[in-house]
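I sat down with this model to look up its covalent cross-links and its charged side-chain pairs, and I kept the notes below as I went.

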Amino acid sequence: MTSFDTSPQLNVWRALLALAVVFVMLATTGWTALRNQRGPTALEASVTAWEHGRIDGRRLPDAQAAPARLARFFASLSDWQRRSLARRYPLAVGNMNGAPVEVRYLANRAALRKARAVERLRMHDERLSPSGQREAGRRAQRYDSLLAPDRHILAFDPAGSGKVAEVFGNLNRADRVSVVVPGVDTELLTFQRTVRKYSAPAGMGESLYAAEHRASPGTRTAVIAWADYTSPSGLGMEAATATRAEQGAVRLNALLRALPGRAPVSLFCHSYGSVVCGLAARGLPGRVTDIAVAGSPGMRAEKAAHLGTSARVWAMRDADDWIQEVPYMEVGGLGHGADPVSAGFGARVLSARGAQGHSGYFVPGTESLRNFAEIGVGAYRTVACAGENGTCRAGLSEAAAA
């Protein structure tokens with residue numbers, strides 16, 4: 001739900017809910033089955049090579065080992081050995097929770113260069129249709145952009161529509177960490193935009209990072225624009241169900257448990273991303289102090305208290321966001337439950353003044369972005385509530401407001 005600002009697709013959503021029983025029956029007969037992948041992806045091949053690899057005669061640990069174990073392994077290596085592994089197994093290391101972030105950045109730069117070379121060849125491959133060649137050109141351009149010297153890519157996978165996560169700031173030295181979780185139609189080619197920049201994950205992350213610095217210049221922050229899950233494409237069947245969100249929640253928690261340091265973490269979840277955050281909530285590590293959702297279709301819970309997390313839950317919705325027309329219900333697995341800004345849900349409801357539509361919550365100058373930034377730096381006492389009575393700040397302890 002990141003890329004839609006108009007309402008015609010709402011009729012599709014209502015129809016899906018109205019035909020819930022039919023769709024559930026279709027699902028049981030293979031409607032939602034994933035297409036088979038022919039052969040291993042580049043990431044899978046890199047992981048397989050890692051699993052058979054050695055460093056100076058020493059076997060490499062399981063790539064899926066606990067982050068703490070992988071962190072200890074990398075800490076036992078010399079800088080040259082770490083760089084060698086990043087060059088030899090770039091996709092495996094670049095996506096390895098537990099590897100040092102600087103090593104992941106180095107590995108992903110190597111992986112991006114390889115992926116760019118592949119797409120540059122595909123641009124002139126006569127076996128491809130003209131549209132296929134053009135898409136190869138667009139992907140090559142995106143890789144060029146991600147390879148800019150000032151960018152820090154924490155995760156990258158070129159398979160399919162592509163996945164990527166980018167860091168703004170210094171993760172190792174951060175006093176507070178924010179993670180932006182976007183919604184539908186999030187993929188490699190939509191990770192950043194020139195037009196409507198702040199509706200794309202990279203623009204969201206960049207904007208939030210700058211706003212946090214303005215809110216508290218003395219607080220060292222880091223922001224992760226996290227597009228490292230397979231989101232639904234459009235407002236069809238996938239967006240009405242939780243399948244993609246369930247998979248995304250597993251990946252999100254894996255990331256959170258591998259973050260360096262002990263800084264508090266806040267999640268900022270837009271649209272379908274709030275479904276991901278709702279399903280991830282029960283398994284969040286204790287350092288996650290806040291979950292803030294914007295333009296949410298629901299969090300797969302009837303009440304904030306049912307999310308199973310100790311994190312504070314915040315919600316906002318702009319007055320002209322079309323998402324409010326989506327039926328807030330769950331029938332036979334379709335729909336995502338209660339409205340997070342409703343009084344009965346129990347979230348702390350924030351002002352989104354100035355957001356203008358479904359994709360404007362991270363636009364500079366909006367009250368929605370200012371509220372996000374103040375949550376990100378822990379300045380809870382100065383957030384603007386949706387109402388005039390300040391109820392969203394009620395019950396905050398002095399420790400929470402620090």
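These entries go through the disulfides, then one arginine, then the salt bridges.

**Entry 1: disulfides**

I noted before anything else that this is a predicted model, and I then asked how many disulfides the structure holds. I found two disulfides, and, with the bonded cysteines counted along the chain, they follow the pattern 1-2, 3-4.

For the pair Cys 269 and Cys 277, I read a separation of 2.1 Å between the sulfur atoms, and the angle about the S-S bond is -90°, which makes this link left-handed. I also looked up whether these cysteines are buried or exposed: Cys 269 is buried, with a relative accessible area of 1%, and Cys 277 is buried too, at 0% relative accessibility.

For the pair Cys 385 and Cys 392, the sulfur atoms lie 1.9 Å apart, and with -80° about the S-S bond this link is left-handed. Cys 385 has a relative accessibility of 9% and counts as buried, while Cys 392 is buried with a relative accessible area of 1%. I wrote down that Cys 385 counts as buried because its 9% falls under the 20% cut-off.

**Entry 2: Arg 244**

I next asked where Arg 244 is found, and I located Arg 244 in helix 11, which covers residues 243-258. Arg 244 is buried, with a relative accessible area of 14%. Which side chain does the side chain of Arg 244 contact? I found a polar contact with the side chain of Glu 238, at 2.9 Å. I also checked the backbone here, and the C-alpha atom of Arg 244 is 6.5 Å from that of Thr 230, although these two residues are 14 residues apart along the chain.

**Entry 3: salt bridges of helices 7 and 8**

My count of salt bridges came to 17, and I followed some of them by hand.

Arg 122 forms a salt bridge with Glu 119, with 3.0 Å between the closest N and O atoms. The two residues sit three residues apart in helix 7 (residues 101-122), so they are separated by about one helical turn. In this pair Arg 122 is partly exposed, at 32% relative accessibility, whereas Glu 119 is buried, at 8%.

Glu 119 also forms a salt bridge with Arg 139, and here the closest N and O atoms are 3.6 Å apart. Because Glu 119 lies in helix 7 and Arg 139 in helix 8 (residues 130-146), this pair ties together parts that are 20 residues apart in sequence. Arg 139 counts as buried, at 6% relative accessibility.

I then turned to Arg 120 and Asp 144, whose side chains meet in a salt bridge at 3.4 Å, N to O. Arg 120 lies in helix 7 and Asp 144 in helix 8, so this pair ties together parts that are 24 residues apart in sequence. I looked up the accessibility of both partners: Arg 120 is partly exposed at 40%, and Asp 144 is partly exposed at 33%.

**Entry 4: a network**

Last, I asked which residues are joined into one network by salt bridges that share partners. I listed Arg 353, Glu 367, Arg 370 and Glu 374 as the residues joined in this way.

Terms used: Residues numbered from 1 in each chain as written. Predicted model: local features only at pLDDT ≥ 70, side-chain atom pairs only at ≥ 80, totals over all residues. Heavy atoms only, no water. Disulfide = S-S within 2.5 Å. Buried < 20%, exposed > 50% of the residue type's maximum accessible area, 1.4 Å probe, protein only. Helix = DSSP H or I, 4+ residues; strand = E, 2+ residues; numbered from the N terminus. Polar contact = N/O pair within 3.5 Å; in protein donor to acceptor, adjacent residues only side chain to side chain. Salt bridge = Lys/Arg side-chain N within 4 Å of Asp/Glu carboxyl O.
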